[in-house]
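Please read the following report alongside the sequence and the coordinates. It deals with backbone geometry, a nonpolar core, a pocket and some single residues.

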Amino acid sequence: IDHGFLTGTAGPARVSLEKSGHGQSAYQVHDEDVTASTIDFLNRLGVRKRADQPAEPFNLTVGFMLPHQPFVARLEDYEYYFENIPPPRPPQPFSDDLHPHIKGWREQCGIVEVSEAEVKRSRAAYWALVARMDVMIGQILQALNDNGLADDTLIVYSSDHGEQVGERGLWWKQTFYEDSVRVPLILSWPGGLPQGVHCDRVVSQLDLSATMLDALGCPPLPNSPGRSLLPLLRDPQGTEWEDVAFSEFCLDEAGAGGPFPEYGVIQRMIRKGEWKLNYYHAQPCQLFNLKEDPREIDDRAQDPACSEIVAQLTEEVLDGWDPEWIVERMAAMREDRKILGAWGRNVQP
């Protein structure tokens, strides 16, 4: 996607805050096109249905770019949130007391200090983009209903990451704090799932493919760690379920001239029950109790009373995951990229 004047604002860089405000981004145009194409697809299914033609099962994946930086939203949506959105909670002051990776990340991305004007504009635009995406999803759901397809369709709504929008002095994703790593998940299936159920168990996006296969009556994938959510949602009390999820974040930095050349960015997280451990290769880990400390203010990694849980979760997060192997593999892939990059620039495939 060509962002034009907003080039560079889609990544984790200060320019996305500097150029925030009202206007139009290519991502919103993309999502409007996706919405129109989706509604057209559903309308054509509705025509077949009303013509009594044989109904065929369908699978439709609708991928939105919103909400996402660039933090730019159309004026009609932006104005309301600019007047009404609250500021983020006061962040921990920037100092050596921050976790070393978080401190380095803020320095390298230029967000040691962010002006109040940038914060307000960026947060207003982000909420406006959320609201606009909600409108587009509503239009798709309306088309599903209007074409008589809603009663036998499993709808799964989720996202690939969160957004920190200034909380903790952080922006974008790229951390394991809840604002970044926790994502929404809503499932709707009339007749297939009970209504109005809120499930507070720990689940992973790996469980979504297993859930959809189960809904189709297909056998599970033999080597996938994903678990179907259908039994859990239908019988929360009677279903055995391990409350565990993993997340991983690796950047090719070590030796590559990036912002973290000494230790790279080789990180993995485990959430197990009420505990979450963030593992940073060659740096201290973090440990939070999300039941007692949902805002992740109190890092318990150095608490002697938590030494056993740190040891247990560290063992689990490293089980089958070798950071030194990842470093070596990324170095090998870096050499491949030199050739592939030159080929691509010359051939323009």
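## Backbone, core and pocket

Pro67 lies in the loop between helix H2 (26-50) and strand S2 (72-73), where helices (H or I, at least four residues) and strands (E, at least two) are DSSP runs numbered from the N terminus. The model is a predicted one, in which local features need pLDDT of at least 70 and side-chain atom pairs count only at pLDDT 80 or more, while totals for chains, interfaces and linings use all residues. Residues are numbered from 1 along each chain as its sequence is written, and side-chain values use heavy atoms, with hydrogens and water left out.

The peptide bond that joins Leu66 to Pro67 is cis, with omega at about -10°. Pro70 is also placed in the loop between H2 and S2, and a cis peptide bond with omega of about 15° joins Gln69 to Pro70. Most peptide bonds are trans, and most residues other than glycine have a negative phi.

Positive phi values occur at the residues tabulated here.

| Residue | Place | Phi |
|---|---|---|
| Gly148 | just after H5 | about 65° |
| Gln174 | loop between S3 and H6 | about 65° |
| Ala282 | loop between strand S7 (275-280) and strand S8 (286-289) | about 70° |

Neither Gln174 nor Ala282 is a glycine. Gln174 counts as buried because its relative accessible area is 13%, whereas Ala282, at 65%, counts as exposed; buried means under 20% relative accessible area, exposed over 50%, and partly exposed in between, with a 1.4 Å probe and protein chains only.

Helix H5 (residues 116-146) has 31 residues and spans 45 Å from its first C-alpha to its last, close to the 45 Å expected at 1.5 Å a residue, the expected span being 1.5 Å times one less than the number of residues.

The largest nonpolar core has 27 residues, and those with the most contacts inside it are Phe71, Ile111, Trp171 and Trp172. Such a core is a set of buried Ala, Val, Leu, Ile, Met, Phe, Trp, Tyr and Cys residues joined through side-chain atoms within 4.5 Å. Helix H4 (100-109) and H5 each supply at least two residues of this core, and the largest share, eight residues, comes from H5.

Trp172 sits in the loop between strand S3 (155-158) and helix H6 (178-181), and it counts as buried because its relative accessibility is 1%. Its side chain is joined to that of Ser16 by a polar contact of 3.0 Å, a term for a pair of N or O atoms within 3.5 Å in which, within protein, one must be able to donate a hydrogen and the other to accept it, and residues adjacent in sequence count only if both atoms are side-chain atoms.

Which residues are closest to the centre of the second largest pocket? Of the 49 residues that line this pocket, they are Arg182, Val183, Leu185, Arg201 and Val203. On a 1 Å grid over the protein atoms alone, a pocket is an open set of points where a 1.4 Å probe fits, with protein on both sides within 12 Å along at least five of seven lines, and lining residues have an atom within 4 Å of a point. S5 gives the most to the lining, with five residues. The lining divides into 24 nonpolar, 13 polar and twelve charged residues; Ala, Val, Leu, Ile, Met, Phe, Trp, Tyr, Cys and Pro count as nonpolar, Asp, Glu, Lys and Arg as charged, and the others, Gly among them, as polar.
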